[in-house]
Amino acid sequence: IKIIEANILIMGLTFKENCPDIRNTRIIDLINGFRDHNCNVDVYDPWVNKDEAKDECGITPISRPTNGKYDVIVLAVAHDEFKELTIDKIQTFARDNFVLYDVKYLLDINQVDGRL
(Lines give C-alpha, C1' and ligand atoms only; values in the text may rest on other atoms or scores of the structure.)
Protein backbone atom coordinates (compact mmCIF):
# COMPACT_ATOMS: atom_id res chain seq x y z
CA ILE A 1 0.00 0.00 0.00
CA LYS A 2 1.34 3.41 -0.94
CA ILE A 3 1.20 5.59 2.16
CA ILE A 4 1.08 8.87 0.22
CA GLU A 5 -2.58 9.77 -0.32
CA ALA A 6 -3.75 6.53 1.32
CA ASN A 7 -7.25 6.56 2.77
CA ILE A 8 -7.02 5.88 6.49
CA LEU A 9 -9.89 5.12 8.89
CA ILE A 10 -9.17 5.74 12.57
CA MET A 11 -11.85 4.12 14.71
CA GLY A 12 -11.91 6.04 17.97
CA LEU A 13 -10.79 9.47 19.13
CA THR A 14 -11.60 9.61 22.83
CA PHE A 15 -9.19 9.30 25.73
CA LYS A 16 -10.72 5.98 26.77
CA GLU A 17 -13.49 3.58 25.81
CA ASN A 18 -17.18 4.39 26.21
CA CYS A 19 -16.49 7.95 27.25
CA PRO A 20 -16.87 11.20 25.25
CA ASP A 21 -13.77 12.83 26.79
CA ILE A 22 -11.21 13.87 24.17
CA ARG A 23 -8.91 15.71 26.59
CA ASN A 24 -5.42 14.19 26.61
CA THR A 25 -6.21 11.77 23.79
CA ARG A 26 -3.09 10.51 22.03
CA ILE A 27 -5.06 9.57 18.92
CA ILE A 28 -4.39 13.13 17.71
CA ASP A 29 -0.70 12.23 17.35
CA LEU A 30 -1.59 9.24 15.22
CA ILE A 31 -3.87 11.34 12.99
CA ASN A 32 -1.25 14.05 12.60
CA GLY A 33 1.41 11.45 11.76
CA PHE A 34 -0.70 10.10 8.92
CA ARG A 35 -1.54 13.60 7.72
CA ASP A 36 2.17 14.48 7.71
CA HIS A 37 2.52 11.72 5.08
CA ASN A 38 -0.27 13.27 2.98
CA CYS A 39 -2.82 10.62 3.93
CA ASN A 40 -6.54 11.22 3.80
CA VAL A 41 -7.72 10.51 7.35
CA ASP A 42 -11.31 9.85 8.42
CA VAL A 43 -12.03 9.61 12.15
CA TYR A 44 -15.07 7.67 13.30
CA ASP A 45 -16.13 7.80 16.94
CA PRO A 46 -19.78 7.51 17.96
CA TRP A 47 -18.98 8.86 21.44
CA VAL A 48 -17.45 12.16 20.34
CA ASN A 49 -19.27 15.47 20.17
CA LYS A 50 -18.42 16.60 16.63
CA ASP A 51 -18.46 20.32 17.46
CA GLU A 52 -16.13 19.80 20.40
CA ALA A 53 -13.75 17.69 18.31
CA LYS A 54 -13.66 20.40 15.64
CA ASP A 55 -13.11 23.20 18.16
CA GLU A 56 -10.62 21.40 20.42
CA CYS A 57 -8.68 19.26 17.93
CA GLY A 58 -9.44 20.61 14.47
CA ILE A 59 -10.92 17.23 13.56
CA THR A 60 -14.38 16.67 12.12
CA PRO A 61 -15.40 13.07 12.81
CA ILE A 62 -17.43 11.27 10.16
CA SER A 63 -20.94 9.96 10.87
CA ARG A 64 -20.12 6.50 9.55
CA PRO A 65 -17.31 4.86 7.58
CA THR A 66 -17.66 4.58 3.81
CA ASN A 67 -17.77 1.03 2.45
CA GLY A 68 -14.88 0.04 0.18
CA LYS A 69 -12.85 3.21 0.76
CA TYR A 70 -9.96 2.55 3.15
CA ASP A 71 -6.41 1.33 2.57
CA VAL A 72 -5.72 1.24 6.32
CA ILE A 73 -8.07 0.76 9.27
CA VAL A 74 -6.87 1.40 12.82
CA LEU A 75 -8.96 0.19 15.76
CA ALA A 76 -7.75 2.82 18.23
CA VAL A 77 -10.31 2.87 21.07
CA ALA A 78 -12.16 -0.12 22.56
CA HIS A 79 -15.71 1.28 22.49
CA ASP A 80 -18.44 -1.33 22.98
CA GLU A 81 -19.77 -0.43 19.51
CA PHE A 82 -16.44 -1.48 18.00
CA LYS A 83 -16.26 -4.68 20.07
CA GLU A 84 -19.60 -5.70 18.57
CA LEU A 85 -18.31 -5.39 15.00
CA THR A 86 -17.29 -8.59 13.28
CA ILE A 87 -14.23 -8.83 11.11
CA ASP A 88 -16.57 -9.19 8.13
CA LYS A 89 -18.25 -5.86 8.93
CA ILE A 90 -14.92 -4.09 9.42
CA GLN A 91 -13.67 -5.46 6.10
CA THR A 92 -16.63 -3.87 4.30
CA PHE A 93 -15.04 -0.48 5.00
CA ALA A 94 -11.81 -1.49 3.27
CA ARG A 95 -10.53 -1.81 -0.25
CA ASP A 96 -9.56 -5.25 -1.53
CA ASN A 97 -5.95 -4.79 -0.40
CA PHE A 98 -5.78 -3.14 3.03
CA VAL A 99 -4.01 -3.17 6.39
CA LEU A 100 -5.88 -3.64 9.67
CA TYR A 101 -4.11 -2.51 12.82
CA ASP A 102 -5.71 -3.31 16.18
CA VAL A 103 -4.31 -1.13 18.96
CA LYS A 104 -6.76 -2.43 21.58
CA TYR A 105 -6.79 -6.18 20.86
CA LEU A 106 -10.46 -6.22 19.84
CA LEU A 107 -9.96 -8.92 17.22
CA ASP A 108 -8.14 -12.24 17.14
CA ILE A 109 -4.45 -11.96 16.23
CA ASN A 110 -5.06 -13.99 13.08
CA GLN A 111 -7.54 -11.39 11.81
CA VAL A 112 -5.25 -8.36 11.95
CA ASP A 113 -2.02 -7.24 10.34
CA GLY A 114 -0.55 -5.68 13.46
CA ARG A 115 -0.95 -4.79 17.13
CA LEU A 116 0.92 -2.86 19.76
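Select Tyr44 in strand β2. Strands here are DSSP E runs of at least two residues, helices are H or I runs of at least four, and both are numbered from the N terminus. The model is predicted: local features need pLDDT of at least 70, side-chain atom pairs count only at pLDDT 80 or more, and totals for chains, interfaces and linings use all residues. Residues are numbered from 1 along each chain as its sequence is written, and side-chain values use heavy atoms, without hydrogens or water.

**Tyr44 and β2**

Is Tyr44 buried or exposed? Tyr44 is buried, at 17% relative accessibility. Buried means under 20% relative accessible area, exposed over 50%, and partly exposed in between, with a 1.4 Å probe and protein chains only. Now show its contacts, meaning heavy atoms within 4.5 Å. Leaving aside residues up to four places away in sequence, Tyr44 touches Leu9, Ile10, Met11, Gly12, Ile62, Ser63, Arg64, Pro65 and Phe82. Widen the selection to β2, residues 40-44. Because 4 of its 5 residues are buried, β2 is largely enclosed by the rest of the structure.

**Across to β1**

Add β1, residues 7-11. β1 and β2 run parallel, joined by 5 bridges. Strands count as paired if DSSP finds at least two bridges between them. Pick Leu9: its bridge partner in β2 is Asp42. The chain goes from β1 through α1 to β2, a right-handed β-α-β crossover. Right-handed means that, with the strands pointing away from the viewer, the path from the first strand over the helix to the second runs clockwise.

**Helix α1**

Select residues 27-36, helix α1. Which residues of α1 are buried? They are Ile27, Ile28, Ile31 and Phe34. These residues cover an arc of only 130° around the axis, so they sit on the same side of α1. The arc is taken over the directions from the helix axis to the C-beta atoms. An α-helix has 3.6 residues a turn, so residues three or four places apart point the same way. Among the elements covering the buried residues of α1 are β1, β2, α2 (50-57) and β3 (70-75).

**The cores**

Next, color the largest nonpolar core, which has 19 residues. Such a core is a set of buried Ala, Val, Leu, Ile, Met, Phe, Trp, Tyr and Cys residues joined through side-chain atoms within 4.5 Å. Ile8, Ile10, Leu13, Ile31 and Val41 have the most contacts inside the largest core. β1, α1, β2 and β3 each give two or more residues to this core. α1 gives the most, with 4 residues. Center on Ile10: its contacts beyond four places in sequence include Ile27, Ile31, Phe34, Val41 and Val74. A second, separate core of 18 residues includes Ile62, Leu75, Ile90 and Ala94.

**Two asparagines in loops**

Go to Asn24, in the loop between β1 and α1. Its phi is positive, near 65°. Asn24 is exposed, with a relative accessible area of 63%. Then move to Asn38, in the loop between α1 and β2. Asn38 also has a positive phi, about 60°, although it is not a glycine. Asn38 is partly exposed at 49%. Most residues other than glycine have a negative phi.

**Last stop: the cysteines**

How many disulfides are there? The count is 0, where a disulfide is a pair of cysteine sulfur atoms within 2.5 Å. Select Cys19 and Cys57: the sulfur of Cys57 is 13 Å from the closest cysteine sulfur, in Cys19, too far for a bond. Cys19 is buried at 17%, whereas Cys57 is partly exposed at 24%.
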